[in-house]
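I opened the notebook to look up two things, the surroundings of the ligand and the aromatic rings.

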Amino acid sequence: MNQPSDQARPTPRAGIMDIEAYVPGRSTAPAGVATIHKLSSNENPLGPSPKAIEAARDVAAKLDIYPDGTARRLREAIAEVHGLNPANIVCSNGSDEILGLLAQTYLAPGDEAVITEHGFMVYKIYIQSAGAVPVSVKETNERADVDAILAAVTPRTRIIFLANPNNPTGTYLPFQEVRRLHAGLPRNVLLVLDGAYAEYVRRNDYEAGVELVAGAENVVMTRTFSKLGLGGARIGWMYAPMHIIDAINRVRGPFNVNATAIEAGIAAIRDRAHVERSVAHNETWLRWVSEELTKLGLRLTPSVGNFVLIHFPEDQKHSAAAADDYLSARGYILRRVSGYGFPNALRMSIGTEEANRGVVAALTTFLKS
Ligand SMILES: *Cc1c(COP(=O)(O)O)cnc(C)c1O
């Protein structure tokens with residue numbers, strides 16, 4: 001028998017109401033703005049692969065049928081492209097879902113999970129949802145600091161969440177540093193390497209983590225289709241040791257990846273030409289945007305992702321908030337990042353040529369005003 005309660009209505013578990021809800025990038029401009037360039041969510045300016053669009057259309061007629069709950073064909077397509085064993089992959093409704101499932105599966109109330117000062121905000125939400133304690137460690141020059149992370153590990157630590165490269169800074173840890181981090185961790189601490197932007201990185205000393213996962217029992221790599229043109233389809237995946245796959249498969253929803261996502265995902269990952277075009281576009285325009293904005297006297301955090309973090313001058317008139325208003329009025333929607341510890345910066349996704357040139361031109365006049 002339940003005890004009678006003096007509470008007048010259902011109450012969330014302790015800690016739930018302390019969570020600050022995630023605020024997604026805006027997609028609207030003030031009334032009267034004709035053309036919107038959404039540069040607030042790191043989407044692919046080239047759009048989805050045309051083959052993914054076609055595959056999604058073809059599924060429409062069969063939407064009465066449940067999807068394959070193991071997303072086998074999608075896992076096989078991912079495995080083929082990345083040279084992995086499909087058994088070590090689990091797919092999810094965006095990689096956000098996997099991050100949440102990892103927290104739910106490996107954290108108990110009172111446990112600690114380490115995140116970094118300017119790390120991706122979703123980690124904190126899932127840590128708190130599990131009743132665990134987020135331990136935020138200082139970064140050095142807006143980059144994760146391996147020594148600081150290792151120093152924060154206690155007997156209560158269960159997970160380290162590391163986005164590599166990180167969002168919203170765009171900085172990355174060279175692979176030797178990731179290895180050093182792993183080598184310093186107790187073997188019961190799970191290292192989550194979030195490679196949401198891995199495809200975009202063009203650095204010889206970068207690796208997303210495949211080898212580390214393959215050679216250890218306590219490392220997983222999460223990836224997403226969102227930054228390469230399928231944000232709306234919600235497809236993420238994780239490469240992990242079998243014992244972790246086994247645990248996650250018990251906890252996840254039985255049909256967590258929908259039929260449209262499965263078919264669009266298979267077509268998209270096989271369309272290597274579209275991926276290459278997207279990455280090449282980013283390489284060209286990331287460099288151009290970074291150079292042009294630096295010439296305007298703005299400080300940028302050096303980025304290897306498909307976005308840049310732009311720091312604004314200290315004077316009120318030219319603050320990030322003022323720049324955001326100015327750009328929004330002209331249809332350029334960037335991302336405020338105060339919640340990430342950057343009250344005077346904006347994050348700009350690399351856009352189409354038109355959008356990139358437009359932002360640079362608008363900021364040129366803004367800074368002179
Ligand atoms: C965008 C992003 C994700 C997840 O995106 P999904 O759309 O849920 O796959 C994960 N980590 C980082 C760092 C991101 O920027």
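The entries below take the ligand first and the rings afterwards.

Before starting I noted that this is a predicted model, in which local features need pLDDT of at least 70 and side-chain atom pairs count only at pLDDT 80 or more, while totals for chains, interfaces and linings use all residues. Residues are numbered from 1 along each chain as its sequence is written, and side-chain values use heavy atoms, with hydrogens and water left out.

**Ligand**

I looked up the shell around the ligand, counting a residue as near if one of its heavy atoms lies within 4 Å, and found 13 residues, of which Asp194, Tyr197, Thr224, Ser226 and Lys227 come nearest. By class I noted four nonpolar, five polar and four charged residues, where Asp, Glu, Lys and Arg count as charged, Ala, Val, Leu, Ile, Met, Phe, Trp, Tyr, Cys and Pro as nonpolar, and the others, Gly among them, as polar. Helix α3 (residues 94-106) gives the most to this shell, with three residues; helices are DSSP runs of H or I with at least four residues, and strands are runs of E with at least two, numbered from the N terminus.

I then checked polar contacts, meaning pairs of N or O atoms within 3.5 Å. A polar backbone atom of Ser95 is 2.7 Å from an oxygen atom of the ligand, an N or O atom in the side chain of Tyr197 is 2.6 Å from a ligand oxygen, and a polar side-chain atom of Arg234 also lies 2.6 Å from an oxygen atom of the ligand. Of the 390 Å² of accessible area that the ligand has on its own, the protein covers 94% (Shrake-Rupley method, 1.4 Å probe).

**Aromatic rings**

I counted eight aromatic pairs, taking rings of Phe, Tyr and Trp (its six-membered ring) with centres within 6.5 Å, and calling planes under 30 degrees apart stacked, over 60 edge-to-face and the rest tilted. Tyr66 and Phe255 form a tilted pair, at 4.6 Å centre to centre and 45° between the planes. Tyr66 lies in the loop between α1 (50-59) and α2 (72-82) and Phe255 in the loop between α8 (242-251) and α9 (259-270), so the pair ties together parts 189 residues apart in sequence. Tyr66 is exposed at 63% relative accessible area, whereas Phe255, at 42%, is partly exposed (buried is under 20%, exposed over 50%, partly exposed in between; 1.4 Å probe, protein chains only).

Tyr123 and Phe161 are stacked, at 4.9 Å and 10°, and both are buried.

Note on methods:
Polar contact = N/O pair within 3.5 Å; in protein donor to acceptor, adjacent residues only side chain to side chain.
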